[in-house]
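Here is a short report on a two-chain model. It covers the folds, the contact between the chains, and a few local details.

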Amino acid sequence: MTLFLQTLPFLLDGLRITLLVSAGVIVLSLLIGVPLGCVLAFGPLWARFPIRIYADFVRGVPILVLLYFVYYGLPAIKVNLPSLTAAIVALTAFKTAQVIEITRGAFQSIPTGQTEAAKSIGLGLVDRFVHVLAPQAIRRFLPPFVNSVVDTVKGSSLVSLLGIVDLMLALQQVIGRTHVALPLYVMGALMYFAINYPLSTLSRRLEKSFI
Amino acid sequence: MTNYHFNFAIVWRYSAKLFEGLLLSIELAIATIAIGMVIGLVLALVEMDGPRWARPFIRGYVEFIRNVPLLLLVYLVFYGVPSAIDLQYDATTSFVVTLAIYSGAYLVEVLRAGFEAVPKGLIEAGKAIGLTPAGVLVHVRIPTALRIALPSLSNTYVSLFKDTSIASAIAVPELAYGMRWIETQTFRTVEVYLLATPIYLITSYAILLLLRLAERRYAITR
């Protein structure tokens, strides 16, 4: 018990980095992914094509490979990023592809009758989007998005492999020093669980109440 | 691009590491999917038809596994468990066990949705032609549920293949490990990634394509 209390501040420092990385990735991928997803749903073919390629490319490669590529590969062409930036860039690149897909799916699942009805009562393009499409799309967007936030927090543990002291690496370091492995791993698992479980539950709730 | 001089020859000399790695990645994926499907099928059935007291345990397993990073589970099984109990196993076995337990938690959900979607009339028809409950299970419910769940199963399988890359963290010599190994041997970073990334990409989509072909043949859309 005293061991847990002694290691806790150290683990909480790691947890802060985990949360920082996750939050950064989520905000950035929303800012980039939602507009691109809208283009993928409504845009002209020439604009959809590169986005489609990007999303399919990123989703076909493991996150770990993307992380290594940004951190170890890009310096070879003189793009040197500090590890934390590299981690956020790589995870954002991955998450953006997912956000693009979720956004596209959210808009495309709205029945075309909705657009037709909006047109027939005389709404313009902007009004159709603001008053008819967007409110419905958000309801379809949120459940899978909150679920993908859980994946982001889980995926952020991979940044430990670049030497960033997040919760995962803090845990490894504490175990290296104390040689108490199993109880500390379980404790770390419970810390991740404590963040992710409420999010998973929220996602399920949203799904039930929205759809 | 600056004045980077590509040298694929030196990387190509080590390319066997990549292809052996790819083979191991695929083997890892197949082994974990096989075990994970058994876990998923059994637990999905127990959750639906089994005793009431079993349900909280299955929910607990599913919720715990799905909310904890795979990397942590990999470390927990490989470093944590042997430190507490007297049990020795190599990294590959350890990873297969971990990923199977991990995939099981996702497959339970996918398969349960499949079972729940089996039309009632089909089960009644099975009973009507004189099948025992076990017969209905084997000949009606399981095949139908699998066919209904097939599209979701495909997606899970592909992401499991990608998840095998995490095995490199405990030095299982699969594709991502081979990639890092060549990189540290040759320092030809860009070339290694230009070779390894398409290997992942092509394999992921090849798996997806094969599964989509299977879907066209077998999937039941409602």
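## Fold and packing of the two chains

Chain A has 8 helices and 0 strands. Helices (H or I, at least four residues) and strands (E, at least two) are DSSP runs, numbered from the N terminus. The model is predicted, so local features need pLDDT of at least 70 and side-chain atom pairs count only at pLDDT 80 or more, while totals for chains, interfaces and linings use all residues. Residues are numbered from 1 along each chain as its sequence is written, and chains are lettered from A and ligands numbered from 1 in the order in which they are written.

Read from the N terminus, chain A runs α-α-α-α-α-α-α-α. Chain B has 9 helices and 0 strands. The table sets out the totals for each chain. A residue is buried if 20 or more other C-beta atoms lie within 10 Å of its own, exposed if 12 or fewer, and partly exposed in between; C-beta atoms are placed from the backbone.

| Chain | Residues | Buried | C-alpha span along principal axes |
|---|---|---|---|
| Chain A | 211 residues | 38% | about 70 × 45 × 25 Å |
| Chain B | 222 residues | 39% | roughly 75 × 45 × 25 Å |

Two residues are in contact if their C-beta atoms, placed from the backbone, lie within 7 Å. In chain A, residues 24 or more positions apart account for 78% of the contacts with a separation of 6 or more. For chain B, 80% of the contacts between residues at least 6 apart join residues at least 24 apart.

**Confidence.** The predictor gives the complex an ipTM of 0.90 and a pTM of 0.91. pLDDT is the predictor's confidence in each residue, from 0 to 100. Chain B averages 92, and 98% of its residues score at least 70. Among the elements of chain B, α1(B) (residues 8-13) has the lowest mean pLDDT, 84, and α5(B) the highest, 96.

**Between the chains.** The contact takes 29 residues from chain A and 34 residues from chain B. On the chain A side, α3 (63-73), α6 (125-155) and α8 (182-210) each supply at least two residues. α8(A) gives the most, with 9 residues. By class, the chain A side divides into 21 nonpolar, 6 polar and 2 charged residues. Here Ala, Val, Leu, Ile, Met, Phe, Trp, Tyr, Cys and Pro count as nonpolar, Asp, Glu, Lys and Arg as charged, and the others, Gly among them, as polar.

**A helix pair in chain B.** The axes of α4(B) (residues 70-84) and α5(B) (residues 91-116) come within 9 Å and cross at roughly 130°. The two helices are therefore oblique to each other. Angles under 35 degrees count as roughly parallel, over 145 as roughly antiparallel, 65 to 115 as roughly perpendicular and the rest as oblique. Axes are lines fitted to C-alpha atoms, for helices over the stretch in contact, and angles run from 0 to 180 degrees between N-to-C directions. L70(B), L73(B), V74(B), V77(B) and F78(B) in α4(B) meet residues of α5(B), including F95(B) and Y102(B). This contact has 9 nonpolar, 2 polar and no charged residues.

**Local details in chain B.** α6(B) (residues 120-128) is hardly covered: 0 of its 9 residues are buried. Just after α6(B), G130(B) takes a positive phi of about 90°. P151(B) lies in α7(B) (residues 133-163). P151(B) is partly exposed, with 15 other C-beta atoms within 10 Å. Not counting residues up to four places away in sequence, P151(B) touches E215(B) and A219(B). The C-alpha atoms of P151(B) and V110(B) are separated by 9.8 Å, with the two residues 41 apart along the chain.
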